[in-house]
Amino acid sequence: MADTSGPDSLPAPVFGPDSEEMLLCVRCDLRYVPSKSTSSLRLTYCSFLCELGDLGFSIAGLEHMEPKPKALEPPAVEPAVELEPQPTEPATVD
Ligand SMILES: [Zn+2]
């Protein structure tokens, strides 16, 4: 018995003009070639602008970011300071 499965049964894969696989940007739904993406997440976004717009930050920017000091946190709430009335001693007049 000869194998009768021909090449016609193979589905044509989706490839770009450079015969490179194209992906769909999750933000702008644009087809793009991952190797030409400027995003750090080039398998997800077509450019760093889409990465920035979707995440609110860029991965590349995060790598250069310094950990923020805790001084930016709001100060601990202190209990209400009870102002004791200062006893004003009247000048003793003879
Ligand atoms: Zn995009």
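The dialogue below walks through several features of a predicted model.

Reader: Before I look at single residues, which elements does the protein have, and in what pattern do they follow along the sequence?

Author: A good way to begin is with the list of elements and then their order. Here the protein has 2 helices and 2 strands, and reading along the sequence gives the pattern β-β-α-α.

Reader: How should I weigh the confidence of this predicted model, and which element has the highest mean pLDDT?

Author: It helps to take the average over the protein and then go element by element. The protein averages a pLDDT of 77, and 68% of the residues score at least 70. Among the elements, β1 has the highest mean pLDDT, at 96, whereas helix α2, residues 59-63, has the lowest, at 75.

Reader: How much of the protein counts as buried, and how do I decide whether C46 is buried or exposed?

Author: The general idea is to count the other C-beta atoms within 10 Å, and a residue with 20 or more of them is called buried. Of the 94 residues of the protein, 7% count as buried. C46 is buried because 25 other C-beta atoms lie within 10 Å. The residue sits in the loop between β2 and α1, the latter spanning 48-55.

Reader: Which residues is C46 in contact with, once neighbours within four places in sequence are left aside?

Author: With those neighbours left aside, C46 is in contact with C25, C28, L30, Y32 and S37. For C25, which is 21 residues apart from C46 along the chain, the C-alpha atoms of the pair are separated by 5.3 Å.

Reader: Where is R27 placed, and what is R27 in contact with?

Author: For a loop residue, I would take its place, its surroundings and its contacts in turn. R27 lies in the loop between β1 and β2, and it counts as partly exposed because it has 18 C-beta neighbours inside 10 Å. Leaving aside neighbours within four places in sequence, R27 is in contact with Y45, C50, G53 and D54. The C-alpha atoms of R27 and C50 are separated by 6.0 Å, although these residues are 23 residues apart along the chain.

Reader: What about the backbone of D29, and is D29 buried or exposed?

Author: Here the phi angle deserves a look alongside the neighbour count. D29 is not a glycine, yet its phi is positive, at about 60 degrees. D29 is found in the loop between β1, at 23-24, and β2, at 31-32, and it is exposed because 8 other C-beta atoms lie within 10 Å.

Reader: Which contacts does A60 make in helix α2?

Author: A60 is found in helix α2, and, leaving aside neighbours within four places in sequence, it is in contact with S40 and F48. A60 is partly exposed because it has 14 other C-beta atoms within 10 Å. The C-alpha atoms of A60 and L41, 19 residues apart along the chain, are separated by 9.5 Å.

How values were computed
Residues numbered from 1 in each chain as written. Predicted model: local features only at pLDDT ≥ 70, side-chain atom pairs only at ≥ 80, totals over all residues. Helix = DSSP H or I, 4+ residues; strand = E, 2+ residues; numbered from the N terminus. Buried ≥ 20, exposed ≤ 12 C-beta atoms within 10 Å, placed from the backbone. Contact = placed C-beta atoms within 7 Å. pLDDT = per-residue confidence, 0-100.
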